[in-house]
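Work through the exercises below with the sequence and the 3D structure open. Try each task before reading its solution.

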2 protein chains.
Amino acid sequence: MCSKMEKIEPRILSGFVNFLPREQQAFNNLVTKVRETYETYGFLPLDTPIVDLAEILLAKAGGETEKQIYQMKKGDTNLALRFDLTVPLAKYVAKNYYQLKFPYRAYQIGRVYRGERAQRGRFREFYQADADIIGDNELNIINDAEIIVLIYHVFKAININRFLIKINNRKIYSGLLTVLGLSDKSTDILRTIDKASKIGIEGVKKEFYKLNLLDADINLLVELITLEGDFDQIIKKLQTINNNQNDIFTEGIVELKELTQYLKAFNVDKNNYQIDLSITRGLDYYTGTVFETVLKGREDMGSICGGGRYDNLVSNYSNKKLPGVGMAIGLNRLFYVLNEVNLLDNTKIPSLDILVAPLTNDLSYSIQVANELRDSGIKTQIYFDKKSLRSQINYANQLEIPYIIFIGEDEEKTKTVALKELKTENQVNVSLEEAIKKIKDNNKVEQ
Amino acid sequence: MCSKMEKIEPRILSGFVNFLPREQQAFNNLVTKVRETYETYGFLPLDTPIVDLAEILLAKAGGETEKQIYQMKKGDTNLALRFDLTVPLAKYVAKNYYQLKFPYRAYQIGRVYRGERAQRGRFREFYQADADIIGDNELNIINDAEIIVLIYHVFKAININRFLIKINNRKIYSGLLTVLGLSDKSTDILRTIDKASKIGIEGVKKEFYKLNLLDADINLLVELITLEGDFDQIIKKLQTINNNQNDIFTEGIVELKELTQYLKAFNVDKNNYQIDLSITRGLDYYTGTVFETVLKGREDMGSICGGGRYDNLVSNYSNKKLPGVGMAIGLNRLFYVLNEVNLLDNTKIPSLDILVAPLTNDLSYSIQVANELRDSGIKTQIYFDKKSLRSQINYANQLEIPYIIFIGEDEEKTKTVALKELKTENQVNVSLEEAIKKIKDNNKVEQ
């Protein structure tokens, strides 16, 4: 009956992921390392709904983002899928303000949805890993530093050294644009600067002309975006431009200086961060520190970890002043790049520790062996199919299982096991205790 | 400006979860134990998309389920949110048939969506934890047994002993209804039986009358549904009814017998499973073994873990014969019940290991201490707010952090730390190495 039914093509939607088991394991290992680092830094787990009221999720979206949001109706209710983890966090904090202790430090690892054009390393359904610190009424700049320190240690934890965290502070532009009388064009100007790495400096200039900026202003902005040099030179340049004309501008400079001092105190390697005034972040909610992270040599993939300070995010839902700072790693993009540059070997661990292959008709002793292996925490599969020895070994090799235990009549009689290491093809007849010890020792070496 | 904006009420959608940090941690610990048990049994991780083509997700839904599905349109594409993890698994196996090795053993832990009426322990967005074994062309009944063994060990792993796995085999009804000439009403009859625990036996009888069943047939079916007694008695009764009239019926009886023999070989406690002919499972795709699990004393919460054998699920997408057997735990419902019966204490572990509280203006030494604690894998937060000693201790107590390290000028000078255990209020001045040792020893005892 079934074979006559019309088949539905099991196709993968563009921008959606279809990992094979080995890739899935490598991805999960990456996630585990990120999560462990977040926890070591004292962040508490949070898991917000993927589906929420459209009015809540759209409150701070706007612009390009809003068009990308997946929306639906259930009954009379307008729903949407979250497009980031920051907006759901803001709602959560507003909702649970009286139950939470501040500073509230939360991490979230979960899926988000953006209906943008799928391309290399850019997905429609993907995982973000966020860490945020929310203060009650105030939040010291050292928290901004610690978020950057956390990024630094996440990359170290996954054995990546060639990365660069580019840091800026929105107050600098906020102040400067006030000085230049361009505050009303602030959103457009910042979004234009944000696109610099995609559209190039000439593209930025064109857009500035379209916004009717003066030549002098354009030149000044372009000078800042392209500014290179060490930290002290950049600060000096900014101080000269500001000349104490604008307090917000001054604040931005002071915050950048303090931030950098704390990064030093935390022993963050100078090669892994720099001031970069072309970083503004597309989203509107940032108010101070902003940063993005690229892999050196793969800057073409764009930022794989960004974030910053948002002093007013919760204000959509609450009258409380709850300033926050946070970051988000695009885990699928990170995984994609690491795969491309072959940096994922470090996450390869065996899928299973052992395959128990019964060669007898009565499975009782094989089951008993498997029970004891599993009780010892060893990842064990019993091969139940009646297949040849060759097929069983093939299966173990294909799944990259390092050991097989064969149970024949001799082993059954002597209550031993025949333990075969697949890499060396060595086979020994040992007691189950010895086998367990051997497999556990092997696991320790591998990890 | 912001305070004048109209606020959006940060309300929680009915049927959606809003865990506070402590609950979230307890929930995550539950998930971790389930995952570790699945991995110990040799299941490979799988993570299918939540969003997929409506035609794929609806292929096997039908009836009540179809009405509950969240659907949406993006461009011209009809999309839906998955309502279980089995249908996405079937699609995945059909899609990746040539890359997978069979038997393919996969576990998935992820969210699913059902727009049913939210009530106690019943959610619209909730986590399922599935484990499945898919064979290529054939799959021995011992695999059905191993899935039930896995359920047994999951409950043991979370320290639950008072649970009951109720087992049946659909072939028994399949054969019986053929003998009775009721095959064409099979779907309705099985769905009616499935509702027995909700609508009661009288309710079942009423529905049977509506289906125009004969009194004799109704009596026989009701007798089976309410059959109690030990395994041998039930099997004997079934053999008498069948009297070798129908091969499928016979197969069902043989499979139940084999299954039970394997459960014995795996040392599954007899108190934790029984044959129950009222179990049929609502979904159409089951073809053989079916089972549900209730917590003894909380049967009113319904099944928190069910599953069974499906021989044709992949047939919607592929001509291959890929029989499978699997199970799904409703994690949010399980968590809800465990909470109600106070069985979650065992999952309480500290959120953080230590709070570093700087009492000096210069934070360098505090940062250095935190760096070393974190390098040792200790979950550490530095308290950056300039607050009183009392506030810092309060904060640690509220977050249930077991230790505080105070860094004053003396500690800075002597390169020591003042380590306070909050439970005992003991405070000692020790080297950082000693502090690390003490915290780690404490963690070992707690776990």
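**Exercise 1. Locate Lys415 in chain B and in chain A, and decide whether each copy is buried or exposed.**

Solution. The model is predicted.
Step 1: Lys415(B) sits in the loop between helix 15 (409–414) and strand 15 (417–421) of chain B.
Step 2: Count the neighbours. Lys415(B) has 11 other C-beta atoms within 10 Å, so it is exposed.
Step 3: Look at the backbone. Phi of Lys415(B) is positive, near 50 degrees, and the residue is not a glycine. Most residues other than glycine have a negative phi.
Step 4: Turn to chain A. Lys415(A) belongs to the loop between helix 15 (409–414) and strand 15 (417–421) of chain A. Its phi is positive as well, about 50 degrees. Lys415(A) counts as exposed because it has 11 C-beta neighbours inside 10 Å.

**Exercise 2. Find the peptide bond from Phe102 to Pro103 in each chain and state what its omega is.**

Solution.
Step 1: In chain A, Pro103(A) is in the loop between helix 4 (86–95) and strand 5 (104–113).
Step 2: The bond that joins Phe102(A) and Pro103(A) is cis, with omega about 0 degrees. Most peptide bonds are trans.
Step 3: In chain B, Pro103(B) lies in the loop between helix 4 (86–95) and strand 5 (104–113). The bond from Phe102(B) to Pro103(B) is cis, and omega is near 0 degrees.

**Exercise 3. Describe the surroundings of Tyr403(A): which residues does it touch?**

Solution.
Step 1: Tyr403(A) is part of strand 14 (residues 403–407) of chain A.
Step 2: There are 22 other C-beta atoms within 10 Å of Tyr403(A), and the cut-off for a buried residue is 20 or more. Tyr403(A) is therefore buried.
Step 3: Leaving out residues up to four places away in sequence, Tyr403(A) touches Asp353(A), Ile354(A), Leu419(A), Lys420(A), Glu421(A), Leu422(A) and Ile439(A).
Step 4: Take one of these, Glu421(A). Tyr403(A) and Glu421(A) are 18 residues apart along the chain, while their C-alpha atoms are separated by 4.7 Å.

**Exercise 4. Which residues have the most contacts inside the largest nonpolar core?**

Solution.
Step 1: The largest nonpolar core has 262 residues.
Step 2: Ile405(A), Ile354(B) and Ile405(B) have the most contacts inside this core.
Step 3: Follow Ile354(B). Not counting residues up to four places away in sequence, it touches Leu373(B), Ile378(B), Thr380(B), Ile401(B), Tyr403(B), Ile404(B), Ile405(B) and Ile439(B).

**Exercise 5. List the buried residues of helix 7 of chain A and explain why they are on the same side.**

Solution.
Step 1: Helix 7 (residues 186–194) of chain A has the buried residues Ile189(A), Leu190(A), Thr192(A) and Ile193(A).
Step 2: These residues cover an arc of only 160 degrees around the axis, so they are on the same side of helix 7 of chain A.
Step 3: A general point helps here. An α-helix has 3.6 residues a turn, so residues three or four places apart point the same way.
Step 4: The buried residues of helix 7 of chain A pack against helix 6 (170–179), helix 8 (196–210) and helix 9 (215–225) of chain A.

**Exercise 6. Describe the contact between the two chains: how many residues of chain B are in contact with chain A?**

Solution.
Step 1: In chain B, 77 residues are in contact with 77 residues of chain A.
Step 2: On the side of chain B that touches chain A, helix 1 (residues 21–40) of chain B gives the most, with 6 residues.
Step 3: Sort the residues on that side of chain B by type: 36 are nonpolar, 26 polar and 15 charged.
Step 4: For the complex, the predictor gives an ipTM of 0.93 and a pTM of 0.94.

**Exercise 7. Summarise chain A as a whole: how many helices and strands are there?**

Solution.
Step 1: Chain A has 16 helices and 16 strands.
Step 2: Of its 447 residues, 46% count as buried.
Step 3: Chain A is divided into domain 1 (15–22 + 40–146 + 296–331) and domain 2 (349–446). The C-alpha centres of domain 1 and domain 2 of chain A lie 45 Å apart.
Step 4: Check the confidence. The average pLDDT of chain A is 92, and 96% of the residues score at least 70.

Definitions and conventions. Residues are numbered from 1 along each chain as its sequence is written. Chains are lettered from A and ligands numbered from 1 in the order in which they are written. This is a predicted model: local features need pLDDT of at least 70, side-chain atom pairs count only at pLDDT 80 or more; totals for chains, interfaces and linings use all residues. Two residues are in contact if their C-beta atoms, placed from the backbone, lie within 7 Å. Helices (H or I, at least four residues) and strands (E, at least two) are DSSP runs, numbered from the N terminus. Ala, Val, Leu, Ile, Met, Phe, Trp, Tyr, Cys and Pro count as nonpolar, Asp, Glu, Lys and Arg as charged, and the others, Gly among them, as polar. A nonpolar core is a set of buried Ala, Val, Leu, Ile, Met, Phe, Trp, Tyr and Cys residues joined through C-beta atoms within 7 Å. A residue is buried if 20 or more other C-beta atoms lie within 10 Å of its own, exposed if 12 or fewer, and partly exposed in between; C-beta atoms are placed from the backbone. Domain bounds come from an automatic or database domain assignment. pLDDT is the predictor's confidence in each residue, from 0 to 100. The arc is that of the directions from the helix axis to the C-beta atoms.
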